[in-house]
Structure formats: structure tokens, C-alpha cells
Amino acid sequence: MADSPYVVTVTAENFEHLVLEGSRKQPVLVDFWADWCAPCRQLMPILARLADEFAGAFILAKVDTEAEQTLAAHFGIRSLPTVQLFKQGQPVDQFMGALPEAQIRDFLSRHIERESDRLVADALARLAAGDIDTGARLIDQARVEDPDNSRLFIAEVRLEAARGNTTAAAELLEHTPIELAADPEIAALRGQLGFAAALADAPSASACAERLAATPSDSEARYQLAAHQVMAGDYQSALDNLLTLMQKDRAYGVDAGRKGMLMVFDLLGGEGVLVAAYRAKLARALY
């Protein structure tokens with residue numbers, strides 16, 4: 001650890017230079033520790049290994065709070081270990097305690113972009129544009145360079161969906177890594193694949209609309225039309241149809257109207273003007 005170019009010892013004298021000024025060039029992860037602190041000793045090798053693995057994407061700065069009590073007091077350190085991330089001269093996030101490595105990776109991924117992150121982002125953009133071959137090639141490259149990147153899982157699910165293999169994509173989601181279980185994009189993918197599955201044997205959007213015009217009580221036609229609208233990005237029309245379905249036929253698809261609205265909310269990231277408006281409509285309809 002002492003020989004790593006990505007791990008430095010910080011004191012009150014060099015804190016401004018190494019952390020405050022240094023964080024304007026690259027993120028600096030400051031580990032406030034003490035020799036008597038057993039969790040600190042557990043955390044140290046994990047942080048050092050990650051610093052080497054990220055190869056300069058961030059600098060690990062270690063502060064011995066016994067020797068640097070004034071520095072620790074200045075940053076309000078009351079529990080050890082405390083780890084703070086600095087960017088542009090300011091602390092932007094922190095965690096306390098000896099977290100498992102997976103959680104630390106998740107913490108870092110929110111602030112530190114690796115080369116594999118850029119590859120995955122480029123791959124997702126290619127898939128969204130319909131360039132499946134290039135997207136697949138970029139995913140393969142990211143997997144070779146950084147197989148532990150959790151974003152690869154999301155890219156692989158989206159790749160299967162882009163290829164039309166919605167069943168395979170849904171099966172992948174059944175094995176979502178625990179660190180991604182609460183990721184909003186996973187929820188969005190579940191919703192997207194759910195609507196895609198509803199269209200597997202469905203007639204065209206125009207045919208669904210014609211059926212619904214002829215028979216407004218045709219719940220299947222209404223749900224399938226809503227699914228078409230979701231896949232076309234017409235979320236407001238889809239929500240209108242799903243809300244109507246919920247109001248008129250709660251039994252269809254075991255409350256498919258309400259569940260469908262929740263899936264659309266997930267697709268939209270769970271927030272925004274449209275989501276807020278239809279959450280209120282849903283609440284009024286239910287209560």
C-alpha cells in the first residue's frame with residue numbers, strides 16, 4: 001500500500017494541496033482512520049486495492065485521526081472509519097463503517113467514471129440508435145477490460161431486448177445482482193419487458209384501436225393498445241388507457257391496469273410532471 005502511487009498520507013500541512021487542490025483534477029477519497037479502530041484496519045486493504053484497480057481514477061488519501069485531531073474535528077468526524085469523497089475542493093459524499101466491497105464499489109460508481117463506464121454508456125447509446133452490432137462489440141470490450149463493472153449487466157439485458165430476445169432478457173433480470181436490485185433502471189427494464197411481452201402475439205396498434213372503438217369494454221384491446229403506446233413513447237395516452245382499464249375492469253390481468261401504470265412510472269424514472277399527475281389520478285381512483 002505504501003508503494004502505491006494512488007495512496008497518499010495526508011496531514012494538516014498537506015491537506016489543502018493533496019485533497020482540496022488535488023480534487024480539482026480527480027476525485028479524492030479521504031479515509032479518516034485510527035490505529036485502535038478494528039473496522040478501520042478491515043477497510044484499509046479494500047480501499048487500497050480499489051485505488052490500484054481504478055488506476056488513478058481517484059486518489060486515496062489517508063488521515064490518521066489520532067495524529068490529526070484538528071483536521072478530523074474540522075470535518076466533523078465523530079465515527080471511525082469515516083470516508084469522504086472530495087470533488088472540486090468540496091466533500092460531496094461519505095460513508096461510515098467498514099462497508100462490504102460491493103457497497104464501496106457502488107459508492108464509487110456514483111462519482112467516478114471508469115473507461116468501462118464510457119464503453120457501456122456508448123454501447124447503450126448505440127443500442128438505442130439501433131446499431132446492435134456496434135453495441136454488442138462495445139459490451140464485449142467493456143467485459144474484457146472490466147468484468148466487475150455492474151453496469152455491464154444492464155447493458156447485456158438491453159442487448160438481448162434490442163435483439164428481440166425479450167424472454168432471454170427477462171430471464172437475465174431474474175438473476176439481477178443484489179447491488180442492482182434497487183436500481184431505477186432495473187425497474188424500468190422490468191416494465192419495458194413486461195409491455196413487450198404483452199405484445200408478443202398482439203395485433204397492431206391500429207387494429208387494437210379499431211377493436212376498442214367498436215367495443216369500448218374490450219379490456220384486452222385497451223391493454224394491448226396501451227402497451228403499443230408505451231413502446232412508441234406515448235406515455236400519456238398509455239396512462240390514460242391503463243387508468244380507464246383499472247377503473248372499468250380491475251379483474252383483467254389481475255389488476256393489470258394499476259400494475260401497468262406503476263410500470264410506466266418506473267419507465268419514467270418515478271418522477272416528473274407526468275408521473276406526479278397520474279399518481280394523483282391513480283390515488284383518487286383507488287380511494
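**Figure 1. Aromatic pairs in the predicted model.** This predicted model holds eight aromatic pairs. In one of them, F15 and F86 meet edge-to-face, with ring centres 5.9 Å apart and an angle of 80° between the planes. The pair connects distant parts of the chain, as F15 belongs to helix 1 (residues 15-21) and F86 to strand 4 (residues 82-87), 71 residues apart. F15 counts as buried because its relative accessibility is 4%, under the limit of 20%. F86 is also buried, at 0% relative accessibility. F86 has a further edge-to-face partner, F75, at 5.5 Å centre to centre and with 80° between the planes. F75 lies in the loop between helix 3 (69-74) and strand 4, while F86 is in strand 4, so this pair ties together parts that are eleven residues apart in sequence. One aromatic cluster is formed by F15, F32, F75 and F86.

**Figure 2. The surroundings of T65.** T65 is found in the loop between strand 3 (59-64) and helix 3. Its relative accessible area is 8%, which means that T65 is buried. Leaving aside residues up to four places away in sequence, T65 touches F32, W33, A34, A72 and L80. One of these contacts of T65, F32, is also a member of the aromatic cluster with F15, F75 and F86. T65 and P81 are 16 residues apart along the chain, and 9.7 Å separates their C-alpha atoms.

**Figure 3. The hairpin of strand 4 and strand 5.** Strand 4 runs antiparallel to strand 5 (residues 90-96), and six bridges join the two. Together they form a hairpin with two residues between the strands. In the turn, Q88 has a positive phi of about 50°. K87 stands opposite Q90, which is in strand 5. Strand 4 is also the strand that holds F86, the partner of F15 in the view of the aromatic pairs.

**Figure 4. Helix 7 and the helices around it.** Helix 7 (residues 151-162) is made of twelve residues. From its first C-alpha to its last, helix 7 reaches 17 Å, close to the 16 Å expected at 1.5 Å a residue. Which residues of helix 7 are buried? They are L152, F153, I154, A155, V157, L159 and E160. These buried residues pack against helix 5 (115-128), helix 6, helix 8 (166-173) and helix 9 (184-198). Just after helix 7 comes G164, with a positive phi of about 90°.

**Figure 5. A salt bridge within helix 6.** The side chains of R143 and D140 form a salt bridge, with N and O 2.7 Å apart. Both residues belong to helix 6 (residues 132-145); because they are three residues apart there, about one helical turn separates them. R143 has a relative accessibility of 34%, so R143 counts as partly exposed. D140 is partly exposed as well, at 41%. Helix 6 is among the helices that the buried residues of helix 7 pack against.

**Figure 6. Further salt bridges.** The whole structure contains 18 salt bridges. One of them links R110 and D106, with a distance of 3.2 Å from N to O. R110 is partly exposed, at 49% relative accessibility. D106 is partly exposed too, with a relative accessible area of 33%. Another salt bridge joins D218 and R211, whose closest N and O atoms are 3.0 Å apart. Is D218 buried or exposed? D218 has a relative accessible area of 18%, so it is buried, since the limit is 20%. Its partner R211 is partly exposed, at 27%. Elsewhere, R49, E53, E101 and R105 are joined into one network by salt bridges that share partners.

**Figure 7. A charge over a ring.** This view shows K281 and Y278. The charged end of K281 sits over the ring of Y278, at 4.3 Å from the centre of that ring.

Definitions and conventions. Residues numbered from 1 in each chain as written. Predicted model: local features only at pLDDT ≥ 70, side-chain atom pairs only at ≥ 80, totals over all residues. Heavy atoms only, no water. Salt bridge = Lys/Arg side-chain N within 4 Å of Asp/Glu carboxyl O. Buried < 20%, exposed > 50% of the residue type's maximum accessible area, 1.4 Å probe, protein only. Helix = DSSP H or I, 4+ residues; strand = E, 2+ residues; numbered from the N terminus. Phe/Tyr/Trp six-rings, centres within 6.5 Å; stacked < 30°, edge-to-face > 60°. Lys NZ or Arg CZ within 6 Å of the ring centre and 35° of its normal. Pairing = 2+ DSSP bridges. Expected span 1.5 Å × (residues − 1). Contact = heavy atoms within 4.5 Å.
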